[in-house]
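Let's take a walk through this model, looking at how its helices meet and then at one of its pockets.

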Amino acid sequence: MGFKCGIVGLPNVGKSTLFNALTQTAAAQAANYPFCTIEPNVGEVAVPEPRLNELAQVAGSKEIIPARMNFVDIAGLVEGASKGEGLGNQFLANIRETDAIIYVLRCFENDDITHVRGTVDPIADFEVVETELMLADLESLEKRRAGVEKKAKSGDKDAKAQVALIDLALEELNAGRPARKAKVSKDDQRAWNMLQLLTSKPVLFVANVDEESAATGNVHSARVIERAREEGAGCVVFSAQIESELAMLDEADRAEYLSTLGLEEPGLTRLIHAGYDLLDLQTYFTVGPKEARAWTIRRGASAPKAAGVIHGDFEKGFIRAETIAYPDFIAHGGEAGAKEAGKMRSEGKEYVVQDGDVLHFRFNV
């Protein structure tokens, strides 16, 4: 299951430095983890998961396969992108294909790197980019509405429902608010998603600071944190330059470098986990002598839906899921010990998978 986070921002804010750090980190993991650059601007990165290594050690698994996320480096938007300025239409199309948006905001001063607007102001940068996305949504909805309304007047129930959702989105956008602010019922969520609105996607703020501010932040990143709080969004503060340097080091040197900077873990680790949380994802595991593997599912997914992530036949022919909680698997030395201790449960179709579950599916096709 590939989830895509689009890295968005104005030119010269550190987007490509961040993306390169992500892909360099992934390339460094290649000896143990699968990595590929799907396209020149799309990187697939392993989700850091210490529990997976522990499970593999207990079970004696020969191979470790982590969950993964895709990050898309979307070239810098400029004012007027919604009208095709720069390569606006192409960039906006790339954003439309992502599941979430990461706003990279410049929070560092550097006379050698020209800011496209002449001054460092991360909030103004954010507002420029989001305004372009809102204008693109407005144009898209206004073009679609007339055709959908015509169908609705002829009695088409689906078209009537779609008109109502389009009007809901237009109400927010015309008021200067992104579509994600709209109150959409659970029953309408699927149809709402089909509108493919740029500003309905969940967002994460990344405050890209200078090296000296990586551990403590600065006045610029403080403003970003406050704006993220107002938007109900997450925020990660780090230095993309430091991350690109860390990506080139081995594990021992990386730990030493982090220590000298006063950091406990790489910012990229925090970013990947923040992206995971942003998309409301969680992890379950399958563990055996051949491999220990992490799988990504939405929170609240049922056991059959979790099985379907492995293969559609697992979901269709689902019988039950033999389930062991991660702490029990570790505490009792693996599947046999957990089963003997009465910690293995047989769960049916209604079971909601919990983060960290170790699952073995029984199915019949």
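A crossing is called left-handed if the near helix is turned anticlockwise from the far one by less than a right angle, and right-handed if clockwise. Keep in mind that this is a predicted model, where local features need pLDDT of at least 70, side-chain atom pairs count only at pLDDT 80 or more, and totals for chains, interfaces and linings use all residues. Residues are numbered from 1 along each chain as its sequence is written, and side-chain values use heavy atoms, leaving out hydrogens and water.

Start with helix 4 (residues 122-153) and helix 5 (residues 157-174), helices being DSSP runs of H or I with at least four residues, numbered from the N terminus. Their crossing is left-handed. The axes, lines fitted to C-alpha atoms over the stretch in contact, come within 9 Å and cross at roughly 150°, on a scale from 0 to 180 degrees between N-to-C directions. Helix 4 and helix 5 are therefore roughly antiparallel (an angle over 145 degrees). Among the residues in contact (heavy atoms within 4.5 Å) are Leu-138 and Leu-141 of helix 4 and Val-163 and Ile-166 of helix 5.

Now follow helix 4 to another partner. Helix 4 and helix 7 (residues 219-231) pack at about 45°, with their axes 9 Å apart. That makes these two oblique to each other (neither under 35, nor 65 to 115, nor over 145 degrees). Here Phe-126 and Glu-130 are among the helix 4 residues that meet helix 7, whose side includes Arg-223 and Val-224.
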